[in-house]
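Colleague: I would like a close look at a single part of this model, followed outward into its surroundings. Please take one helix and explain how its faces, its ends and its neighbours are arranged.

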Amino acid sequence: MERNFAKDFIEIASEFKRAKPSKDSIIKMYDLLYDLESATRTKNDDITLANVYSMLGFHLSAYKVLKSVADLSDKKVVAKLYVMEEKSQSHGNRYIIKDFRKKQQEKILSKLLPTDFVASETNENQYLITSKEICVFGKIIEKDTITISLYGGNQFDTYAEKIIDFIFWLGTCKKELIKFYNKNMSDFTGDEANGEWYHTLEIYNFNISVTENGKLCAEISVGDIFVSDHTLEIEIVERKVINMNYDG
């Protein structure tokens, strides 16, 4: 007998929506997603797949799937497609609820060298890392995610070793992040950060600056599992977390 994916979705979605999605409901929703993705689907199954994508925050994927099977003579479907298109443009697939079972293994890389930094061709006193892997919050990030800017006439050669040590520390600052979150953010979200939270952080943007007075600052935008439709903005000065806030 063919599986009724729509019925399964309704049952799981009911549990999923009660409050914040529970760990169990997230696992069930992902299991349904994987089953749908691997199945030979009917048109109704594709509609269910779009709903699952949307529920998990894959708004771009949800829109593409629904658009491919939408009955444009049905006003309700057209209205739903419009809402999904808006979400796909504003959110894309950036603010997903992550599968807890796919934790990223913490990475620790060897330290960078001054020769790994390349001066920007478009911005004065700005440097990029284009050839080496970079580890931030225990995970490898895309090379084009990071920029290093120097202000007040500070020269890169003077601060190169300090910047290298700072980046290396940012790859291993698990305890500091968890401690700051639980002290300053838990009352707002009702959630307590732990190793699982840390492992599922997804780095979107990463900027380091050397201020006029020579202090090293990092501004890092991440996605987390607690507020999936917002970015968590983290500010760190001289190896001390000084601010976190949700934006988006």
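Modeller: What follows is an account of helix α5, then of the loop after it, and then of other parts of the chain.

The model is a predicted one, and its chain holds nine helices and nine strands. Along the principal axes, the C-alpha trace spans about 70 × 40 × 30 Å. Of the 248 residues, 47% count as buried, and the accessible surface comes to about 13700 Å², with 48% of that surface belonging to carbon and sulfur atoms. Among the contacts between residues at least 6 apart in sequence, 56% join residues at least 24 apart.

Helix α5 has 16 residues, and the distance from its first C-alpha to its last is 23 Å, close to the 22 Å expected at 1.5 Å a residue. Its buried residues are Leu 81, Met 84 and Ser 88. These cover an arc of only 65 degrees around the axis, which puts them on the same side of α5. The spacing fits a general rule: an α-helix has 3.6 residues a turn, so residues three or four places apart point the same way. The cover over the buried residues of α5 includes α3 and α4 (59-69), while the face turned away from the buried side carries the exposed residues Lys 75, Lys 76, Tyr 82, Val 83 and Gln 89.

Both ends of α5 can be described as well. At the N-terminal end, Asp 74 acts as a cap, with a side-chain oxygen that lies 2.9 Å from the backbone nitrogen of Lys 76. Beyond the other end, α5 is followed by Gly 92, whose phi is positive, near 60 degrees.

The loop between α5 and β1 includes Asp 99 and also Asp 116. Asp 99 has a relative accessible area of 7% and is therefore buried, as the cut-off for that term is under 20%. Its side chain makes a polar contact of 2.7 Å with the side chain of Tyr 34, and, when residues up to four places away in sequence are not counted, Asp 99 touches Tyr 30 and Tyr 34. Asp 116 is likewise buried, at 7% relative accessibility, and its side chain reaches the backbone nitrogen of Leu 113 at 2.7 Å. Leaving aside neighbours within four places in sequence, Asp 116 is in contact with Leu 128, Ile 129, Thr 130, Ser 131 and Lys 132.

Helix α1 can be read in the manner used for α5. Its 13 residues, 5-17, should span 18 Å at 1.5 Å a residue, and the end C-alpha atoms are 18 Å apart, which agrees. The buried residues of α1 are Phe 5, Asp 8, Phe 9, Ile 12, Ala 13 and Phe 16. Seen down the axis, these buried residues fall within an arc of 125 degrees, so they line one face of α1. What covers them includes α2 (23-38) and α3 (43-56), and α3 is also part of the cover over the buried residues of α5. At the start of α1, a side-chain oxygen of Asn 4 reaches to within 3.3 Å of the backbone nitrogen of Ala 6. Ser 14 also belongs to α1, and at 42% relative accessibility Ser 14 counts as partly exposed. Between Ser 14 and Lys 76 there are 21 Å from C-alpha to C-alpha, with a separation of 62 residues in sequence.

The largest nonpolar core has 75 residues, of which Phe 117, Phe 137, Leu 177, Trp 197, Phe 206, Ile 220 and Ile 236 touch the most other members. Helix α6 (residues 156-170) supplies the largest share of this core, nine residues. Apart from residues up to four places away in sequence, the contacts of Ile 220 include Val 136, Phe 137, Leu 170, Phe 206 and Ile 236.

A last detail concerns the loop between β8 (231-237) and β9 (240-247), where Glu 238 is found and where Arg 239 also lies. Most residues other than glycine have a negative phi. Glu 238, however, has a positive phi near 50 degrees, and the phi of Arg 239 is positive too, near 65 degrees. Glu 238 counts as partly exposed at 33% relative accessibility, and Arg 239 is partly exposed with a relative accessible area of 44%.

Terms used: Residues are numbered from 1 along each chain as its sequence is written. This is a predicted model: local features need pLDDT of at least 70, side-chain atom pairs count only at pLDDT 80 or more; totals for chains, interfaces and linings use all residues. Side-chain values use heavy atoms; hydrogens and water are left out. Helices (H or I, at least four residues) and strands (E, at least two) are DSSP runs, numbered from the N terminus. The expected span of a helix is 1.5 Å times one less than its number of residues. Buried means under 20% relative accessible area, exposed over 50%, partly exposed in between (1.4 Å probe, protein chains only). The arc is that of the directions from the helix axis to the C-beta atoms. Contact means heavy atoms within 4.5 Å. A polar contact is a pair of N or O atoms within 3.5 Å; within protein, one must be able to donate a hydrogen and the other to accept it, and residues adjacent in sequence count only if both atoms are side-chain atoms. A nonpolar core is a set of buried Ala, Val, Leu, Ile, Met, Phe, Trp, Tyr and Cys residues joined through side-chain atoms within 4.5 Å. Accessible areas come from the Shrake-Rupley method with a 1.4 Å probe; for residues, only the protein chains shown count as cover.
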